[in-house]
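Work through the three exercises below with the structure open beside you. Try each task on your own before you read its solution.

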Amino acid sequence: APCAADVAKQLAPTGKLRVALNMRNELLITGKTADGQPDGLAPAMAAALAEKLGVPLECVPYTAPDKIFTDATEDKWDVAMVGSDPARAEHVEFTDAYCQIEATCAVPTTSGLRKCDDLDKANVTIATCKGAAYTLWLESNIKNATLKIIDGHDATYETFTEEALEAVAGLRPKLKKDAAKRPATRLLPGKFMAVQQAACTKKGRPEGFKMLSDFIQEAKSSGLVKQLMQKYKVDKDLAIP
């Protein structure tokens with residue numbers, strides 16, 4: 001079996017573990033540490049991985065998830081903590097998910113839409129955020145409805161209300177907050193998909209990938225993920241798959 005140092009070299013060739021983080025996900029990045037570093041479930045998982053490898057952690061913040069994947073061919077990060085999707089897997093390998101977040105839609109209270117299965121109709125336009133994992137899912141699965149893809153969560157919700165669209169897609173916890181500010185909207189029950197939050201590394205690092213996969217499984221079975229979810233008060237909004 002390859003020794004730990006060899007695996008560390010494969011996952012962290014520069015001697016530091018550079019972890020790409022999607023700063024847009026407020027459930028996984030809940031704040032900043034005293035020295036200004038990203039804090040939350042995803043950075044804490046990254047820190048635990050770096051500790052296991054015996055190397056220092058360097059967080060590489062990204063304002064949008066799609067940019068993480070365009071950088072996958074560059075030497076800018078080693079591991080990314082991000083929503084997994086087959087459409088993103090061209091240059092990377094994803095572990096199993098360590099947590100998942102339900103994606104649903106908000107609709108006007110007067111809407112005839114009652115559940116997520118009602119969304120895919122010819123007269124429905126769904127506002128959705130560019131580059132989000134749930135948007136990739138909608139692009140692959142919606143056949144009749146129209147998708148209006150907008151840059152940024154807040155702009156997406158504003159477009160939904162300003163243009164009086166039929167629905168806006170998003171992660172349930174974020175939509176819940178947005179809908180609370182706008183009395184004339186309600187959330188559809190259930191989900192159209194769940195965003196699987198996972199770790200990934202670049203293809204062609206078999207030992208590194210195996211170690212990363214084992215780390216994620218162990219973090220779930222040991223109770224670490226659950227502890228961290230409680231610590232950052234996101235255990236009501238996230239589920240462990």
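A salt bridge is counted when a side-chain nitrogen of Lys or Arg lies within 4 Å of a carboxyl oxygen of Asp or Glu. Keep in mind throughout that this is a predicted model.

**Exercise 1. Describe how domain 1 and domain 2 are laid out along the chain and how they meet.**

Solution. Begin with the domain assignment, which gives domain 1 as 4-99 + 197-239 and domain 2 as 101-193. Next, take the centres of the two domains over their C-alpha atoms, and you will find that 28 Å separate domain 1 from domain 2. Then turn to the contact itself, to which domain 1 gives 12 residues and domain 2 gives 16 residues. Finally, consider the area: between them, domain 1 and domain 2 bury about 1,100 Å², and 54% of this lies on carbon and sulfur atoms.

**Exercise 2. Find how many salt bridges join domain 1 and domain 2, and check the pair Asp151 and Arg24 against the cut-off.**

Solution. The count of salt bridges between domain 1 and domain 2 is three. For the pair in the task, the side chains of Asp151 and Arg24 meet at 3.4 Å, N to O; because the cut-off is 4 Å, this pair counts as a salt bridge. As a further step, look for polar contacts, where the count between the two domains is three residue pairs, with both residues at pLDDT 80 or more. The side of domain 1 that touches domain 2 can then be sorted by class into four nonpolar, two polar and six charged residues.

**Exercise 3. State what empty space the structure holds, and name residues that line it.**

Solution. Start with the enclosed spaces: there are two cavities of 30 Å³ or more, and the largest cavity has a volume of about 300 Å³. This cavity is lined by 26 residues, of which Asn22, Arg24, Asn25, His153 and Leu171 are the closest to its centre. Arg24 therefore appears twice in this set of exercises, since Arg24 also takes part in the salt bridge with Asp151. Continue with the largest pocket, which holds about 180 Å³ of space and has Asp66, Phe69 and Gly131 among its lining residues. Sorted by class, the lining of the largest pocket has five nonpolar, two polar and three charged residues.

How values were computed: Residues numbered from 1 in each chain as written. Predicted model: local features only at pLDDT ≥ 70, side-chain atom pairs only at ≥ 80, totals over all residues. Heavy atoms only, no water. Domains from an automatic or database assignment. Contact = heavy atoms within 4.5 Å. Buried area = accessible area lost by both parts, 1.4 Å probe. Polar contact = N/O pair within 3.5 Å; in protein donor to acceptor, adjacent residues only side chain to side chain. Nonpolar A, V, L, I, M, F, W, Y, C, P; charged D, E, K, R; others polar. 1 Å grid on protein atoms, 1.4 Å probe; cavity = no way out; pocket = protein on both sides within 12 Å on 5 of 7 lines; lining within 4 Å. Points joined across faces, edges and corners; volume = space filled by probe spheres on them.
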